[in-house]
Amino acid sequence: MHPSPVWLFDLDNTLHDTSAAIAPEVSRRMTAYIERRFNLSRDEADRLRAQLWTRYGATLQGLVRLYGIEPGEFLHEVHDLDDFDRLVRSARGVLHALKKLPGRKILFTNGPRAYAQKLLFHLGIEAQFHRQYMIEDMVMHGRLRAKPSRSFLAHLCARERIDPRRCIFVEDSLPNLKSGRYLRIKAVLVTGMSFRRRLIARPHYVGLKVKSAAHLPRAIARLR
């Protein structure tokens, strides 16, 4: 009998639709923070935010490495959302899918703890995860190592005593999935909540592409 897989699940745009309302609000708050902190124009701040996200995979990671920003202050200001319930867009069928999938499930998100836990509770899926890794947990040797850090992904597997070859990484971000290819982690790309979903090809390191995580139980047989 083959051992059960271990699932690594992203949160935003993987288990719920962030693009509809939450992502624009978070991006607006990030830009406002950068604008005020560095005395930039709105356009300059927005460009810097986008550049940091592209280069480092997380805007916060770039701010910490290049400018020594204190993470807690940034995370609280950017993710302390007003009218949270109005902003959340659930993905239909995800709870049922998580219940049907065999093996342990670990949440692995660049979102901060307070935000992620509040969202998990709202979506009704918090009990499905054996362990949760938020951005505050992604520190190695005193440095933030947010996704797509390959070193932290290896560290997570070692800490959880997981053979990476048993892992299935479910994400909407290709750079994040690519970080697992050297560890031989299987990759599942979720595209349905991306406005670019029709343009997203399946790279060789992605073993399965699905529109929604809700489709996983019936699609997993196609994973290569």
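## Strands, salt bridges and unusual backbone spots

Phe169 faces Ala187, which is in strand β7. That pairing is a good place to start reading this predicted model, and it leads straight into the strands on either side.

**The strands around β6 and β7**

Phe169 belongs to β6, the strand that spans residues 167–171, and 5 of its 5 residues are buried. Which side of β6 is covered? Both faces are: Cys167, Phe169 and Glu171 are buried on one side, and Ile168 and Val170 are buried on the other. If you follow the chain in your viewer, you will find β7 at residues 186–190. Here 4 of the 5 residues are buried, so β7 is largely enclosed by the rest of the structure.

The pairings that involve these two strands are set out below.

| Strand pair | Sense | Bridges |
|---|---|---|
| β1 (residues 6–9) and β6 | parallel | 4 |
| β6 and β7 (residues 186–190) | parallel | 4 |
| β7 and β8 (residues 208–210) | parallel | 3 |

Read together, the rows show β6 paired with β1 and also with β7, while β7 is joined in turn to β8. Individual residues help you to find these contacts on screen. Phe9 has Val170 of β6 as its bridge partner, and Val188 stands opposite Leu208 in β8.

**Salt bridges**

Side chains of opposite charge can pair when their charged atoms come close. In this model, the count of salt bridges comes to 11. Three of them are worth a visit, and each has its own setting.

Begin with Lys147 and Asp10, whose side chains meet with an N to O distance of 2.9 Å. This salt bridge links distant parts of the chain, 137 residues apart: Lys147 sits in the loop between β5 (143–144) and α8 (150–159), and Asp10 sits in the loop between β1 and α1 (22–38). Are these partners buried or exposed? Lys147 is buried, with a relative accessible area of 3%, and Asp10 is buried too, at 6%.

Next come Arg36 and Glu77, with their closest N and O atoms 2.4 Å apart. Because Arg36 lies in helix α1 and Glu77 in helix α4 (residues 71–79), this pair ties together parts that are 41 residues apart in sequence. Glu77 counts as partly exposed, at 27% relative accessibility.

Then there is Arg113, which forms a salt bridge with Asp137; the closest N and O atoms are 2.5 Å apart. Arg113 lies in helix α7 (residues 113–123) and Asp137 in the loop between β3 (131–133) and β4 (139–140), so the pair ties together parts that are 24 residues apart in sequence. Arg113 counts as partly exposed at 29% relative accessibility, and Asp137 is partly exposed with a relative accessible area of 23%.

Which residues are joined into one network by salt bridges that share partners? They are Asp10, Lys147 and Glu171. Glu171 brings us back to β6, where this residue is buried on one side of the strand along with Cys167 and Phe169.

**A positive patch on the surface**

Turn now to the outside of the model. Arg202, Lys209, Arg222 and Arg224 gather there in a surface patch of positive charge. One of them, Arg224, is found in the segment after α10 (216–219). Arg224 counts as exposed because its relative accessibility is 51%, and the cut-off for that class is over 50%.

**Backbone details to look for**

Most residues other than glycine have a negative phi, and most peptide bonds are trans. Where does this model depart from that pattern? One place is the bond between Lys147 and Pro148, which is cis with an omega of about 15°. Pro148 is in the loop between β5 and α8, and Lys147 is the residue already met as the salt-bridge partner of Asp10.

Two asparagines also deserve a look. Asn13 is not a glycine, yet has a positive phi of about 60°. Its place is the loop between β1 and α1, and Asn13 counts as buried at 13% relative accessibility. Asn39 likewise has a positive phi, near 55°. This residue lies in the loop between α1 and α2 (42–56), and Asn39 counts as exposed, with 71% relative accessibility.

How values were computed
Residues are numbered from 1 along each chain as its sequence is written. This is a predicted model: local features need pLDDT of at least 70, side-chain atom pairs count only at pLDDT 80 or more; totals for chains, interfaces and linings use all residues. Side-chain values use heavy atoms; hydrogens and water are left out. Buried means under 20% relative accessible area, exposed over 50%, partly exposed in between (1.4 Å probe, protein chains only). Two strands pair if DSSP finds at least two bridges between them. A salt bridge is a side-chain nitrogen of Lys or Arg within 4 Å of a carboxyl oxygen of Asp or Glu. Patches are made of residues with over 30% relative accessible area and no salt bridge: like charges are joined within 9 Å, nonpolar side chains (Val, Leu, Ile, Met, Phe, Trp, Tyr) within 5 Å. Accessible areas come from the Shrake-Rupley method with a 1.4 Å probe; for residues, only the protein chains shown count as cover. Lys and Arg count as positive and Asp and Glu as negative; His and the chain ends are not counted. The place of a charge is taken as NZ of Lys, CZ of Arg, CG of Asp or CD of Glu.
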